[in-house]
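Dear colleague,

Please find below the structure that I am handing over to you. A summary of what was found in it comes after the display.

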Amino acid sequence: MTWNENLYRYWKAHGGTLFALLEQTWDGTLVLEGGKGPLLIRTEAVGPSRYELDYYITVTAQVTLERPYALHIRPASLMWAGVHQVLDGVMDLGRSTILYQDPRAPKALKKRRITTSEPPFTKWVLQSAPFVELLAQQKDWAVRIGASAAEERLHAVTAYAKSDSFSLMPEVFSMDSPEAVQAEDPELAGLRMPSFDETLTQLIRLAEEAAAAVTAWPMPILPPGE
């Protein structure tokens, strides 16, 4: 099955507004009504050329903040975990940099590269246990927050996952089929790829938790000139 076929099935099950063409594979868009506003669901193609593209499923919510703010938490990386071992002995890098690697960051995110426009405020954002725990459970997923325009208070909060981290095939087999028997084996179950529906439902949760985390605290007043 294709992205658009799965998106169609999700729309039939959960409602919303669908924009898709059957003959196209990846260009569908679904708008759902989330718990605190609309959610935009789509894919993004990223790569050095149109022949070398990676596809990501994205879920975007909107929030309003006191001023423009940026935060990007990338997928977990063993290379970045090594960088952390060096940075653990370094003092807080402060507000003059967009690189956030404070030793007091949640241990669950130690393998992730985190960049932000305001490290002090980001410390408060990362105190949200539901947001951090959900992100930690999905090491290949990421979150990006940014203003919609320069000097704009409206922000986009996007959770995203690479398309090869989930299956496009629906799980529709009988309980006496070979697939069902294999699924009961704990070792085989651990190798099972999550379905499109499972992935999208969890991404929606992650986007909403990220939106809740970034709006849970008022942004601190910046010193003059910053």
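The paragraphs that follow describe the core, the main pocket and the salt bridges.

Please note at the outset that this is a predicted model.

I begin with the interior. The largest nonpolar core comprises 42 residues, and those with the most contacts inside it are Ile41, Tyr69 and Phe131. Helix H7, which spans residues 196-214, supplies the largest share of this core, namely 10 residues. As general background, nonpolar side chains in soluble globular proteins tend to be buried together. Leaving aside residues up to four places away in sequence, Ile41 touches Trp3, Leu7, Gly28, Thr29, Leu30, Leu32, Thr58, Val59, Leu200 and Ile204.

I turn next to the largest pocket, which holds about 510 Å³ of space. It is lined by 24 residues, of which Glu44, His72, Arg144, Thr158 and Tyr160 are the closest to its centre. Six strands each give two or more residues to this lining: S3 (37-49), S4 (52-64), S5 (71-76), S6 (112-116), S7 (141-147) and S8 (154-162). Sorted by class, the lining has 11 nonpolar, eight polar and five charged residues.

The structure also holds four salt bridges, and I describe some of them here.

One of them pairs Arg9 with Asp197, with the closest N and O atoms 3.7 Å apart. This pair links distant parts of the chain, since Arg9 belongs to helix H1 (residues 3-14) and Asp197 to helix H7, 188 residues apart. Arg9 has a relative accessible area of 29% and is therefore partly exposed; Asp197, at 24%, also counts as partly exposed.

Another salt bridge joins Arg42 to Glu44, where the closest N and O atoms are 3.0 Å apart. Arg42 is partly exposed at 31% relative accessible area, and Glu44 is partly exposed at 30%. Glu44 is also among the residues closest to the centre of the largest pocket.

A further salt bridge is formed by Arg67 and Glu118, whose closest N and O atoms lie 2.7 Å apart. Arg67 sits in the loop between S4 and S5, and Glu118 in the loop between S6 and helix H3 (119-125), so this pair ties together parts that are 51 residues apart in sequence. Buried means under 20% relative accessible area. Arg67, at 18%, is therefore buried, and Glu118, at 8%, counts as buried too.

With kind regards

Key. Residues are numbered from 1 along each chain as its sequence is written. This is a predicted model: local features need pLDDT of at least 70, side-chain atom pairs count only at pLDDT 80 or more; totals for chains, interfaces and linings use all residues. Side-chain values use heavy atoms; hydrogens and water are left out. A nonpolar core is a set of buried Ala, Val, Leu, Ile, Met, Phe, Trp, Tyr and Cys residues joined through side-chain atoms within 4.5 Å. Buried means under 20% relative accessible area, exposed over 50%, partly exposed in between (1.4 Å probe, protein chains only). Helices (H or I, at least four residues) and strands (E, at least two) are DSSP runs, numbered from the N terminus. Contact means heavy atoms within 4.5 Å. On a 1 Å grid over the protein atoms alone, a cavity is a set of points where a 1.4 Å probe fits but cannot get out, and a pocket is an open set with protein on both sides within 12 Å along at least five of seven lines; lining residues have an atom within 4 Å of a point. Grid points are joined across faces, edges and corners, and a volume is the space filled by probe spheres set on the points. Ala, Val, Leu, Ile, Met, Phe, Trp, Tyr, Cys and Pro count as nonpolar, Asp, Glu, Lys and Arg as charged, and the others, Gly among them, as polar. A salt bridge is a side-chain nitrogen of Lys or Arg within 4 Å of a carboxyl oxygen of Asp or Glu.
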